[in-house]
Amino acid sequence: MELLEVNLESNISGETAIALGNFDGIHLGHRALLDKVVAMARSLGCPASVLIFKNHTKNLTEGISQELLTSRSQKHEIFKRAGIDIIYEMDFDKSIMHLTPAEFVERFLSDHLKIKGIVVGYDYRFGFKAKGTVTELRTLCRDNNIQLAVEDAVMYEGEAISSTRIRRAIKDGKPDLAHRLLGRPFSIEGTVVKGKQLGRTIGIPTANLLLDTHYVTPKFGVYLTRVRIEDRFYFAATNIGTNPTFKEKEIKVESYLYDYEGESLYGKAMEVDLIKFIRPEITFTGVDELKKKMDDDLEYIREEINGMNLQSI
């Protein structure tokens with residue numbers, strides 16, 4: 001797979017079929033687009049590509065810092081596994097934001113990126129203030145000799161799968177629902193850093209994760225998780241929250257890894273898959289009560305792990 005940084009002046013020599021969208025989370029609805037663009041590319045005899053922005057469009061259009069479902073590196077890996085040949089990546093800035101729908105298709109996609117085919121979702125909007133509709137895109141593609149495919153909504157339990165729905169599930173402490181909508185567990189990645197080492201003092205050492213992406217914040221509490229470190233997987237008990245017992249305010253992601261007997265994890269990259277929500281965050285009266293509850297949590301989660309269908313993860 002090739003990663004190409006582009007801008008409005010880029011001139012790409014080879015033709016491609018391209019999937020367009022925000023692709024935050026790359027959920028099952030997005031996967032349907034990717035499958036279709038790969039099939040279209042094969043039929044047209046050209047590579048399959050996607051166009052993504054380094055920054056979420058809402059950061060500029062709405063002035064908010066959008067909570068994300070996937071990091072940049074996670075997106076790249078999912079695209080690769082889906083069969084995408086080229087990722088076109090660019091900054092979403094005012095120059096791209098102010099393009100009219102016609103300018104976006106004719107000037108950028110057709111003239112500069114040499115797009116031969118386009119795949120979008122049923123609700124795709126584009127151009128300045130998202131004025132461009134799928135109906136307008138059909139006309140522009142026809143006039144510029146570009147093949148177009150529009151993918152219908154992918155439904156789950158009577159409701160369209162969307163990034164908004166997945167964010168809501170994660171915030172509500174429903175990682176199992178998020179898993180079904182994404183087609184994989186919701187995961188967060190970062191670097192293991194040294195914490196206050198409270199867990200170590202009570203015999204429950206944890207790996208503290210410094211996040212490198214502005215992820216959507218899961219419901220505070222304890223989770224059954226699966227952790228990946230250097231391509232090895234471990235089940236874990238992960239606490240996400242602010243440690244209210246000690247009146248802290250910073251959100252922490254702390255994982256106790258079952259059956260880990262290796263060297264220090266400090267400085268290592270770690271990815272945490274949220275599998276099951278166990279209980280909400282609790283304010284304890286002191287360290288003794290905290291330790292007893294943590295011991296109970298670890299025993300309960302171990303029993304959950306032993307009874308799990310590992311093929312379902």
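This is a short dialogue on reading one helix and one domain interface in a predicted model.

Me: Let's start with helix H6. Which of its residues are buried?

Reply: A good first step is to sort residues by how much of their surface stays accessible; buried means under 20% relative accessible area. In H6, which runs over residues 134-143, the buried ones are Val134, Leu137, Leu140 and Cys141. They lie on the same side of H6, because they cover an arc of only 115° around the axis.

Me: And what does the face turned away from that buried side carry?

Reply: There you will find the exposed residues Thr135, Arg142 and Asp143.

Me: What do the buried residues of H6 pack against?

Reply: Look for three elements: helix H5 (101-112), strand E5 (115-121) and strand E6 (147-151). While you are there, glance just past the end of H6, where Asn145 has a positive phi of about 60°.

Me: Now let's zoom out. Which domains does the assignment give?

Reply: The domain assignment gives domain 1 (2-152) and domain 2 (175-307). Their centres, taken over C-alpha atoms, are 35 Å apart. Domain 1 brings 14 residues to the contact and domain 2 brings 15.

Me: How do I read the interface between them?

Reply: Take the area, then the kinds of contact. Together the two domains bury about 1,100 Å², with 49% of that on carbon and sulfur atoms. Eleven residue pairs are in polar contact between domain 1 and domain 2, while the rule finds zero salt bridges across the interface. On the side of domain 1 that touches domain 2, helix H3 (residues 72-81) gives the largest share, three residues.

How values were computed: Residues are numbered from 1 along each chain as its sequence is written. This is a predicted model: local features need pLDDT of at least 70, side-chain atom pairs count only at pLDDT 80 or more; totals for chains, interfaces and linings use all residues. Side-chain values use heavy atoms; hydrogens and water are left out. Buried means under 20% relative accessible area, exposed over 50%, partly exposed in between (1.4 Å probe, protein chains only). Helices (H or I, at least four residues) and strands (E, at least two) are DSSP runs, numbered from the N terminus. The arc is that of the directions from the helix axis to the C-beta atoms. Contact means heavy atoms within 4.5 Å. Domain bounds come from an automatic or database domain assignment. Buried area is the accessible area (1.4 Å probe) that two parts lose on being put together, summed over both. A salt bridge is a side-chain nitrogen of Lys or Arg within 4 Å of a carboxyl oxygen of Asp or Glu. A polar contact is a pair of N or O atoms within 3.5 Å; within protein, one must be able to donate a hydrogen and the other to accept it, and residues adjacent in sequence count only if both atoms are side-chain atoms.
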